[in-house]
Protein chains: 2
Amino acid sequence: MWHKIFPLFAHLQASDRGNWSDDLLAGTITAILLVPQGMAYAMLAGLPPEMGLYASIVPPFVYAFFGTSRALAVGPVAVAALMVANALNNYAGGDQAAWITGAMILAAQTGFFLLILGMFRLGALVSFVSHPVLAGFTTGAAVLIITSQIKHLAGIDLPRGDGLETVLAFLQHMDQTHWLTFVFSALSIALLLLGRQPLVRLLQRLGLSPRAAGMTARGAPLVIVIVATLAAAVLVPAGADGLAIVGAIPTGLPIPGLEFFRASGWIELLPSSILIALVGYVESVSVAKVLAARRRQKIDANKELTALGVTNVAAAVAGTMPVAGGFSRSIVNFDAGAQTQVAAIVTAVLVAVVALFFTAAFHYLPNAVLAAIIVVAVAQLIDLSEARSIWRYDRGDGAAWLVTAVAVLVLGIELGLIAGIAVSLATYLWRTSKPHMAVMGRVPGTHHFRNVNRHVVDTLPDTLIIRIDENLYFANTASVEEYILDHVVCCEDVKHVLLVMSAVSYVDSSALETLEHLNEDLAAAGVTLHLAEVKGPVMDRLRQTHLGQELAGQRIYLSTEHAFEALTAEP
Amino acid sequence: MWHKIFPLFAHLQASDRGNWSDDLLAGTITAILLVPQGMAYAMLAGLPPEMGLYASIVPPFVYAFFGTSRALAVGPVAVAALMVANALNNYAGGDQAAWITGAMILAAQTGFFLLILGMFRLGALVSFVSHPVLAGFTTGAAVLIITSQIKHLAGIDLPRGDGLETVLAFLQHMDQTHWLTFVFSALSIALLLLGRQPLVRLLQRLGLSPRAAGMTARGAPLVIVIVATLAAAVLVPAGADGLAIVGAIPTGLPIPGLEFFRASGWIELLPSSILIALVGYVESVSVAKVLAARRRQKIDANKELTALGVTNVAAAVAGTMPVAGGFSRSIVNFDAGAQTQVAAIVTAVLVAVVALFFTAAFHYLPNAVLAAIIVVAVAQLIDLSEARSIWRYDRGDGAAWLVTAVAVLVLGIELGLIAGIAVSLATYLWRTSKPHMAVMGRVPGTHHFRNVNRHVVDTLPDTLIIRIDENLYFANTASVEEYILDHVVCCEDVKHVLLVMSAVSYVDSSALETLEHLNEDLAAAGVTLHLAEVKGPVMDRLRQTHLGQELAGQRIYLSTEHAFEALTAEP
């Protein structure tokens, strides 16, 4: 029974004892990455840095027990952090205490929403966020996040605003750039980038194995943070004016509390929470799926709803912001060898140790360095080559990518996501409202029927065979009827119309009405309507109708071939 | 050329001279119906009665030239009138002059919106209002209209409100019923009902032909109006207190003007105008289609957009409210023998004569009688038997009917319509997100393949044949993948999975990604993926992809039969 509730136990049973050292190492490396990243994402969310640490302790610990993914690293993530900032900007304005309460409300609502979806097994709802929309959203959000860090990178006090607005404001106030801050930013970005592939290659040339080199390089951000903090600790007390630093971070862990339940704003924040839940869940599940597939394991999308739901409620109770499975962090965890969620427990314990004893060490950490960490992390999310390949495969999907990305930049992150989803749904509906239809003929000497425009086929002079490549429903009945009537009107000889229903899985009541009218109109013009290859579920329903009863027996055929032969034999 | 712009000329050329007398008679009968109805619908819209007369003069005259329907009677309609009242209640409050200007803005916007749709040939947009939604909307709106007339029928001053609200307010204030008003209402309703079938039957028994009896009975409402007006003209000056009467109606026609263009509120009224345009257009086209089919004529849905667009702009310039083709009025016109829109010109001229010379005669007309006319007219729109047959055919469509009808009553006419459309679209999307899939086998001795659960068929032990009865797109890829994997996992022997794509007209980029993952996952489990009956347009696209290139040649088959034979031959 415990194995069912807590997949961790099943995973532990299935894995070797020898894996524990892998998990220990992976958890440690993830923690080293997470400490600076957590503080950075808290800053991105407009929250004090310790909240990023708290979000890296309780949530991964709780997820470890409930999650079906073995390598997903849960904690604060960049896109959700920006969405939190966006939601709280309207809710809390300049009131720091309200920001903190608001973040907890968002986390709780996110969790409850996911739990409700899980309870009703509505995981399928999130599949309405299509792949192009998610990709466009991620790229747009990454650009938005980068623009939001300009003020920290340049040390200018810009008003909080969206994308283009911020860039324009920066261009206006560029002359106010604080040069010392800018030096910290530029150096941090350069070193963070060098700390990736170039450092790995250097370490390999120095004799480390590829794996050891890769893992050692994961420490680069923490080293950069320590060095930058030391430099600032010398410069700031020596009189370097205007370099923004993190400042005092309280030591210890927050006392779990439920006061946020009594705070106002639950209704106001609900739409934002739903969107944060959606984005967080989709991101978590996609990375979890990718990682599971690499080791031929499985995740359970419906159980993930519950796991991430519980995790977010725990985040709220632990006094912090909404969390999700981070994309790059999970990959780091996986590459470092994480076999089970024991790695996440290790991470949580190590971050807790930092929060308990070492927060004072970050007092002089410049905000510019955190901004540099954010920028370098999210820059990876900008993926134009994927956009290109989506566009090449399908113009409509490419357009959905573009609309979403642009809408995120222009309308903001929430409206942008909603606009993307709406456009992708509208595109699908519009497409099905203009279905592909084809006039068919028989491939000579076979019993196969194909489009007359694509193949050399035999046709009957007085029979029009039309295949309808779509379900018949209200949005397309008018256009289907028009297509059929146009083809009948053009050809005086036509005495029979045979509709091949092999691609029609559903005929709604609007379409039924249209078919009935069509049957009457054709009859009035001396043309007989026939159907072939009607599917079981469609036939079940049609049988009860007036039309079905009229056609049944003689005018509905099992296959196009049967119909073709019967109509050939007619006088 | 004129024939193309003005279908009337083509219709006249095609029709006999002898038809002119039919048109004259039909136009006269329609005018007799329209005079009281026009004033009643103006009252329903919250406008002075003369605006209903104006809406019955210029619009039918203009539509006569542009319309492709020969029998559609254009003028004020009940549902649009209620929507006008609803829109103007927020816009103009108690200011009567603002109500009039607002009505003109609504008419102009309705017209421009339809013209824009016509220009871009977007007539298909309106097909997103499904048949069940329209039916539910009409029934809900009819009930709403009836409740809105309670105050006039009972002579109580109730606050303007929606459906249930009004009924509750009436029940509270029932004791204030003005009994003289109530007598007028009750008698009018009784006589209007008797003036239909019972009167026709009586006249037939008196020796009139069925046709003559039917047409004579059309005069009943006007006779009731005249008798009621005479009664009130005696009672009111004699001291009958509190019987609300129409009062002074200005004589003459309004001077066309464009002042309303400068009025404010264009943005505020736009959403209402769009909905009025949608409802008016759909109602007009459906009745026009029904009437055209009865005489084997055609209407052009795209040209109707332009015709109704010009007509509504003309209505605005002529100083009146939005118009559409009325359902019952058009049927009266048709039954009376209207052959061309010359009948509408006759109607327009006769109503103009009334507006010019006889408005004073309606001074003592009780509002209660107009309310009775409204109630009796819209009661016909309540169609529960249609709802029952929709429900019987398809539960989802029945639910759409119910949601729309209830939403109109609870949320109001605009939100109700929007909710209905949203629900019907969501239902369709939800349905396609859980596609029908079937495991297939060969019907013994044939080359037909059918569902193993519905037919006795042959199957191969190591091959799973699955037919996907839906387009593959983002909303259903997860559920399709799950179905396939579930069926592979259950059966250890399976070495081949054959997807029959005969019902797949479209594979979007999210689904392509899923298919690629599926192919890899199956390969890892030692199972080979095959496709059969891939449609031309799908194949064109698939060919360019990695997956298409991998499968091309050996693993994509023209037909399920080819695949079945090839896989039978495999070791």
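# Two copies and their interface

Colleague: What percentage of the interface residues of chain B are also interface residues in chain A?

Modeller: This is a predicted model, and in it the copies meet through the same surface, because the interface residues of chain B reappear as interface residues in chain A. The share of chain B's interface residues for which this holds is 100%.

Colleague: How are the two copies related, given that chain B can be laid on chain A by a turn and a shift along the axis?

Modeller: Laying chain B on chain A takes a turn of 180 degrees with a shift of 0.0 Å along the axis, and the RMSD is then 0.1 Å. The two copies are therefore related as by a two-fold rotation axis.

Colleague: Which residue of chain B comes closest to the rotation axis?

Modeller: The distance to the axis is taken at the C-alpha, and the value for the residue you ask about is 1.8 Å. Of the residues of chain B, the one that comes closest is A503(B).

Colleague: Which element gives the most to the side of chain B that touches chain A?

Modeller: To begin with the contact as a whole, 50 residues of chain B are in contact with 50 residues of chain A. The elements that give two or more residues to this side of chain B include α8 (131-148), α20 (384-393), α22 (413-433) and α24 (509-524) of chain B. By class, this side has 19 nonpolar, 19 polar and twelve charged residues. The element that gives the most, with seven residues, is α24(B).

Colleague: How far apart do the C-alpha centres of domain 1 of chain A and domain 2 of chain A lie?

Modeller: The domain assignment divides chain A into domain 1, which covers 17-426, and domain 2, which covers 437-569. Between the C-alpha centres of these two domains of chain A the distance is 55 Å.

Colleague: Which are the edge strands of the open sheet in chain A?

Modeller: The sheet of chain A has six strands in the order β4-β3-β5-β6-β7-β8, and the pairing is mixed. An edge strand here pairs on one side only, and in chain A this applies to β4 (449-451) and β8 (556-557).

Colleague: Which residue is the bridge partner of M437(A) in β5(A)?

Modeller: Strand β3 (residues 437-442) of chain A pairs with strand β5 (residues 463-468) of chain A in the antiparallel sense, over three bridges. The bridge partner of M437(A) in β5(A) is I468(A).

Colleague: At about what angle does helix α23 of chain A run to β5(A)?

Modeller: Helix α23 (residues 474-490) of chain A lies across β3, β5 and β6 (496-500) of chain A. Its direction relative to β5(A) is about 160 degrees.

Colleague: Turning to chain B, which residue of β4(B) stands opposite M440(B)?

Modeller: Chain B also has an open sheet of six strands in the order β4-β3-β5-β6-β7-β8. Within this sheet, strand β3 (residues 437-442) of chain B and β4(B) pair in the antiparallel sense over three bridges. Opposite M440(B) stands N451(B).

Colleague: What ipTM does the predictor give the complex?

Modeller: For chain A the mean pLDDT is 88, and 98% of its residues reach 70 or more. For the complex, the predictor gives a pTM of 0.80 and an ipTM of 0.79.

Definitions and conventions. Residues are numbered from 1 along each chain as its sequence is written. Chains are lettered from A and ligands numbered from 1 in the order in which they are written. This is a predicted model: local features need pLDDT of at least 70, side-chain atom pairs count only at pLDDT 80 or more; totals for chains, interfaces and linings use all residues. Domain bounds come from an automatic or database domain assignment. Two residues are in contact if their C-beta atoms, placed from the backbone, lie within 7 Å. Helices (H or I, at least four residues) and strands (E, at least two) are DSSP runs, numbered from the N terminus. Ala, Val, Leu, Ile, Met, Phe, Trp, Tyr, Cys and Pro count as nonpolar, Asp, Glu, Lys and Arg as charged, and the others, Gly among them, as polar. Two strands pair if DSSP finds at least two bridges between them. Axes are lines fitted to C-alpha atoms, for helices over the stretch in contact, and angles run from 0 to 180 degrees between N-to-C directions. pLDDT is the predictor's confidence in each residue, from 0 to 100. Copies are superposed by least squares on the C-alpha atoms of residues with pLDDT of at least 70 in both.
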